[in-house]
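I set out to record what I looked up in this structure, beginning with helix packing and ending with the chain contact.

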Amino acid sequence: MNPASQSRIGAWIAFVVGSLYFIVPLIGTFEFSLRLKRDEYSFEAYRVVLTDPKFLSSFGYSTLMALITIVIGIVLVVPTAYWIQLRLPKLRPLVEFITLLPLVMPAIIIVFGYLRLYNSSSWIPLTANERSTDLLLAFSYVTLALPYMYRAVETGMRAVDVRTLTEAGEILGASMITILFKVIFPNVRVAILSGAFLTFATVIGEFTMASLLNRPAFGPYLQLIGANRAYEPSALAIIAFLVTWACMGLINVVGGAKRQAKRA
Amino acid sequence: MAFLEIKDIRKQFQQNVVVKGFDLGIEKGEFISLLGPSGCGKTTVLRMVAGFESPTAGQIRIDGKDVTVLRPNQRNVGMVFQAYALFPNMTVADNVAFGLKVAKRPAAEIASRVDEMLNMIKLPHLAGRFPYQCSGGQQQRVALARALAHKPKVLLLDEPLSALDAKIRVSLREDIRALQRELGITTIFVTHDQEEALSMSDRVVVMNEGRAEQVGTPFEIYNQPATKFVASFVGTLSILKGKLVDAAARKIRIGDHEIVAGRGTLSGRPGEDCAIALRPEAAVLENGVDHHALNGANGSGLNGQGRNRIGGTIEEVHFLGSVVRIKVKVQDNALSLDTFNNPSAVPPQRGAPVTVSFTPADVLVLEAGA
C-alpha cells in the first residue's frame with residue numbers, strides 16, 4: 001500500500017472516530033428524549049417543552065437579548081476594528097489580547113466584577129431595576145461574545161484591503177462616514193453576519209451571567225428543567241443544539257452564497 | 001508659476017527621512033513620471049500630493065491654491081492605485097459614478113458622465129458587472145474612468161500597470177497616454193519600470209534616496225544622465241574598469257586596448273584606476289578580428305573611422321526576440337551589446353573571438369583620478 005492510500009485511510013479512521021465521539025451521545029440524548037411515554041417512542045417531551053409558557057418566554061427573552069447584544073457588538077466592534085486597521089495598526093496586538101480575555105476569564109468572575117461595579121449602591125446602579133439589569137446583561141453578553149465578533153469582523157476587514165478602499169473613497173471626495181457606510185460595511189457584511197450568528201449561538205444558552213443577575217433567560221430555564229424533570233431536559237438539549245447548528249448553517253449559507261457569486 | 005508646485009517637501013517617519021527637499025514644478029497638461037528603485041520615496045511624494053501623507057516640511061500648491069494641509073477629499077485630485085481598489089460591492093457603473101454621487105451631482109448628469117467615461121475606456125458593455133467579473137486590465141481601466149469621472153485637476157497614477165501581464169501593460173500604457181493627451185490632464189505617474197517612464201512621459205524625475213537626481217525629458221535622461229546613479233539606473237550599462245593613460249587626450253587603457261572617452265570628467269595621473277560606461281546599443285560587433293587595428297592607428301586608440309575598437313570573446317548570447325544581446329568578455333571586463341535579430345544570418349557563437357567598436361561620444365567616464 002502506498003503512503004498516499006495509507007494517509008487517506010488514516011484520515012478516514014480519524015474522521016469516523018471523531019464523528020462517533022460527537023454523534024453517539026447526541027443520538028443517545030435524542031433517543032432518550034423520545035421515551036417519555038412508556039413502551040413507545042414519541043415527541044411528547046418536545047410537545048411538553050414547546051407548550052410550556054416558561055420555555056417560550058425564556059427563549060423569547062434570550063433571543064431579544066441576543067439581538068440587542070448583536071447590535072451593541074456591531075456598533076462597538078466594526079468602527080474599532082476599522083480604525084485599528086486604518087490608523088492604529090500598532091494597537092492590534094493589544095486589542096486582540098483584550099478581546100480574547102473573555103475566553104480565559106471565567107464568566108462568573110466577570111459577572112461578580114459587574115455586580116461590584118454596578119450594584120444598586122454604586123455610582124451607576126445598573127442592578128437597581130429590571131430594565132437596567134437587562135442592559136447590564138446585554139453588556140455582559142457583548143463582553144462574552146467579543147472574541148467571536150471581533151475576530152470575524154477583523155478577518156473580514158483584512159480580506160478586503162480596507163486601507164486602500166478607504167483611500168480610494170477619500171480621493172473621490174467621500175467623508176469617513178460615507179466610506180464606512182457605503183464601502184466598508186457592505187464589504188464586511190458576511191463577516192459581520194458570521195460574528196452575529198456566533199454571538200446568537202453563544203448568548204442563547206448562556207447560564208452563569210443570566211442566573212447571577214437573576215434574569216429569566218433560556219440558560220437558567222434549561223438548568224431548572226434539568227434539575228426537576230427526566231426527559232424534557234434531553235428534548236431541550238436537542239432543541240438548543242439545533243438552534244446552534246442552525247446558526248452555524250446560516251454562516252455557511254451566507255458565506256457560500258458570497259463565494260459562489262464571486263466565482264460566477 | 002507651474003500648475004502643480006511641490007516646494008522643498010520633506011517627509012520623515014520617526015528617525016527615517018524618506019523624502020529630502022524635493023522640488024518639482026509641473027505644467028498644466030504635462031505627464032510626469034517619478035522613476036526610481038523601491039524605497040526611493042517616489043510613492044511617498046505621490047501620497048503627499050494626494051493628501052494621504054502630510055509633509056514634515058514644504059508646500060504643495062495646485063492651480064495656485066495651497067493644498068498642503070487639506071484632506072484628500074478636499075483636493076480634487078484623482079488617483080489610480082496599483083491594486084485597482086475598485087469597490088467590490090458596486091458594479092462598474094456604480095464605481096465610476098461614486099465620486100459624482102458623493103459630490104451630489106444630478107442623476108441625469110451622473111448617468112451621462114458614466115456613459116461617457118465607459119465609452120472613453122471602451123468598456124460600455126461592462127457597466128452592470130461587478131469588479132470580480134472583470135479581468136485585471138478591465139478593472140484598471142474602470143479605475144481610471146472612476147478617477148477621471150469627477151473631472152479632477154490632477155491625476156495620480158501609483159504603479160497602475162505593475163499588477164498586469166506584459167502585453168496588457170503595453171496596450172494600457174498607450175491608452176493611458178492617449179487619454180491623458182485627449183483630456184489634457186496634469187498627471188503624475190509613479191513607476192519603477194524605466195521603459196514605462198521613458199515611453200509615456202513628457203518629463204521624467206529620477207529619484208534616489210528621497211531626492212530628485214535628475215529631471216528631464218526621456219531623451220535627456222537616457223542620453224545625458226546627470227549622475228552616476230541615473231546612468232546606471234536608466235537603461236542597461238556595461239561598466240568597464242581600466243587605467244588612465246592621458247587625461248588631456250582622454251585616453252584610457254581597457255586591458256590591452258587603448259580607447260578614447262568622449263564624455264564625463266577625466267582627470268588624474270597616468271596609471272590611476274578609472275571606470276567607463278557604455279550602452280549596449282552603442283557597441284557594434286564587427287566582422288573578423290583585426291589585431292593590428294585593435295591596437296589603434298598611430299597609437300590614438302581610434303581606428304580610421306574614428307571609432308574605438310576592442311577585442312574579446314563571446315561569453316553569452318541572449319535571444320530577446322527582435323534583439324539579440326551579446327555579452328563579450330574583454331579580459332577582466334564584460335561588455336554587453338545589442339544587435340537586431342537577423343533570421344538569415346548565422347547567430348553569434350559562444351567562445352568566438354570578436355571585435356567590438358564604439359565612438360568616443362558613446363563612452364561616459366564614471367570614475368577617474370580616484
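I took axes as lines fitted to C-alpha atoms, for helices over the stretch in contact, with angles running from 0 to 180 degrees between N-to-C directions. I noted that this is a predicted model, in which local features need pLDDT of at least 70 and side-chain atom pairs count only at pLDDT 80 or more, while totals for chains, interfaces and linings use all residues. Residues are numbered from 1 along each chain as its sequence is written, and chains are lettered from A, ligands numbered from 1, in the order in which they are written.

Helix pair. I read helices (H or I, at least four residues) and strands (E, at least two) as DSSP runs numbered from the N terminus. The axes of helix H6 (residues 130–159) and helix H9 (residues 189–204) of chain A come within 8 Å and cross at roughly 155 degrees. H6(A) is therefore roughly antiparallel to H9(A) (angles over 145 count as such, under 35 as roughly parallel, 65 to 115 as roughly perpendicular and the rest as oblique).

Sheet. In chain B, I found 4 strands in an open antiparallel sheet, ordered E2-E1-E4-E5; strands pair if DSSP finds at least two bridges between them. Strands E2 (16–26) and E5 (65–66) of chain B each have a single partner strand, so one side of each lacks a neighbour in the sheet. B:Arg61 has B:Asp66 in E5(B) as its bridge partner.

Chain contact. I listed 19 residues of chain B in contact with 17 residues of chain A (C-beta atoms, placed from the backbone, within 7 Å). Strand E6 (77–80) and helix H2 (92–102) of chain B each supply at least two residues of the chain B side.

How values were computed
Two residues are in contact if their C-beta atoms, placed from the backbone, lie within 7 Å.
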